[in-house]
Amino acid sequence: MILPIREIITELADSERPISNLGLAELSNIGAENLGFLEILWPTIKPERRREITSRLVELAEENFELDFDEIFKSCLNDPDAGVRSNAIEGLWENEEPSLINTFIDLMENDKSASVQAAAATGLGKFAMLSEQQKLRPLYTSKLYQSLLNTVNKMGAPVEVKRRALEAVAPLNSPEVEKAIAEAYRSNNVKLKISSIYSMGKTANPVWLQLLLNESTNPDPEIRYEVAKAFGDIGDEGAIPSLVDLASDSDIEVQLSAIKALGQVGGTEAKNFLEQCLDDPNETIQQTAEQVLKELLAISEDSSPF
């Protein structure tokens, strides 16, 4: 039996009761009055339970795209608990309302928690992609670009925040962004270097190709993984031989990244190699290659003039 919304909310506030996914699902598309009722009870719920509730809402929304908890997530952006604020930002990943840009910028620049700042920077990356696709007003783009770049260059900013801001601003490619990527690459911080390689791909600029080719044999599997991903984002067929090598890497995650990248690059050579992967003894490799080939076929059919 499905309980009335207010009864579900009241049970959520009771720490002695287990949290029901069925009950949480009923909070989808919550109305203003019920949201108000939830906001009254919310401060009475223990922080660890609030974190669990918002984490479960994020998971449910990822599993079922028809569920919409955005109004709850927006309400939680001001929660006193950093974990809840981070969950709320993550939960709003599909939300493309430009009004969130100012909110996320404020959280990135001023929140007391580095994890929340980093989450907000990541959240702004979605809007950078929208801008790159010319789906965002120039005024928003300018503010977004400047704030992210300032965060990347801010002295003393936590590394996690700087790297997420760099990844977010990368699609808004410019000489200043390229300079920031190059500086992160040359830094002594491995995490910043990894983010710089990720960002090279997001610029979609072939200028980084030779550097990426050099890094394709790096002993760090996380770097090789990001190199493969960047090759796919840039889409240059000159990367295919290196991607073929990475598709036989000792690390399965690197292999899968390379196979997916080959699908993004496309071309006869990539297609032929992907077909060979269908006979790979590893079932995960087979399945990934099969899915990539299906996507390639769909793209080929969509672009056919007949």
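This briefing walks through the helices, the core and a few individual residues of the structure above. The model is a predicted one. Its protein chain holds 18 helices and 0 strands, and 47% of its 306 residues count as buried. Along the principal axes, the C-alpha trace spans about 60 × 50 × 40 Å. Residues 24 or more positions apart supply 61% of the contacts with a separation of 6 or more.

**Helix H1 and its neighbours**

- Helix H1 covers residues 5–12, and its buried residues are Ile8, Ile9 and Leu12.
- These three lie on the same side of H1, because they cover an arc of only 100 degrees around the axis.
- As for partners, the buried residues of H1 pack against three helices: H2 (21–25), H3 (32–41) and H4 (47–63).

**The nonpolar core**

- If you are looking for the heart of the packing, start with the largest nonpolar core, which has 92 residues.
- The residues with the most contacts inside this core are Leu27, Phe104, Leu144, Leu212 and Leu243.
- Helix H8 (residues 114–132) gives the core its largest share, 8 residues.
- Leucine 212 is worth a click: leaving aside residues up to four places away in sequence, leucine 212 touches Ile197, Met200, Val227, Ala230, Phe231 and Ile234.

**Helices H7 and H9, side by side**

- Helix H7 (residues 99–110) packs with H9 at an angle of about 10 degrees, and the two axes are 11 Å apart.
- That angle makes H7 roughly parallel to H9, since angles under 35 degrees count as such.
- On the H7 side, the contact is made by Ile101, Asn102, Ile105, Met108 and Glu109.
- On the H9 side, the contributors are Tyr140, Lys143, Leu144, Ser147, Leu148 and Thr151.
- Leu144 thus turns up twice, as a residue of this contact and among those with the most contacts inside the largest nonpolar core.

**Methionine 108, a residue of H7**

- Methionine 108 lies in helix H7 and is buried, with a relative accessible area of 2%.
- Beyond residues up to four places away in sequence, methionine 108 touches Gln117, Ala120, Ala121, Leu124, Ser147, Leu148, Thr151 and Ala165.
- One of these partners, leucine 124, is 16 residues from methionine 108 in sequence, with a C-alpha to C-alpha distance of 9.1 Å.

**Serine 142, a residue of H9**

- Serine 142 is found in helix H9, which runs over residues 138–153.
- Serine 142 is partly exposed, at a relative accessible area of 46%.
- Between serine 142 and serine 131 there are 9.7 Å in space, C-alpha to C-alpha, for a separation of 11 residues in sequence.

**The aromatic pair**

- The structure holds 1 aromatic pair.
- Its members are phenylalanine 69 and phenylalanine 73, whose ring centres are 6.4 Å apart and whose planes stand at 85 degrees, so the pair is edge-to-face.
- Both rings belong to buried residues: phenylalanine 69 has 1% relative accessibility, and phenylalanine 73 has 0%.

**Glutamate 71**

- Glutamate 71 is found in helix H5 (residues 70–76).
- With a relative accessible area of 37%, glutamate 71 is partly exposed.
- Glutamate 71 touches Ile30 and Leu35, not counting residues up to four places away in sequence.
- Isoleucine 30 and glutamate 71 are 41 residues apart in sequence, yet their C-alpha atoms are 7.2 Å apart in space.

**Two positive phi values in loops**

- As background, most residues other than glycine have a negative phi.
- Asparagine 29, although not a glycine, has a positive phi of about 55 degrees.
- Asparagine 29 sits in the loop between H2 and H3 and is exposed, with a relative accessible area of 54%.
- Glutamine 134 is another residue other than glycine with a positive phi, here near 60 degrees.
- The loop between H8 and H9 is the place of glutamine 134, which is exposed at a relative accessible area of 74%.

Key
Residues numbered from 1 in each chain as written. Predicted model: local features only at pLDDT ≥ 70, side-chain atom pairs only at ≥ 80, totals over all residues. Heavy atoms only, no water. Buried < 20%, exposed > 50% of the residue type's maximum accessible area, 1.4 Å probe, protein only. Helix = DSSP H or I, 4+ residues; strand = E, 2+ residues; numbered from the N terminus. Arc of directions from axis to C-beta. Contact = heavy atoms within 4.5 Å. Core = buried A, V, L, I, M, F, W, Y, C linked by side-chain atoms within 4.5 Å. Phe/Tyr/Trp six-rings, centres within 6.5 Å; stacked < 30°, edge-to-face > 60°. Axes fitted to C-alpha atoms, helices over the stretch in contact; angles between N-to-C directions. Parallel < 35°, antiparallel > 145°, perpendicular 65-115°, else oblique.
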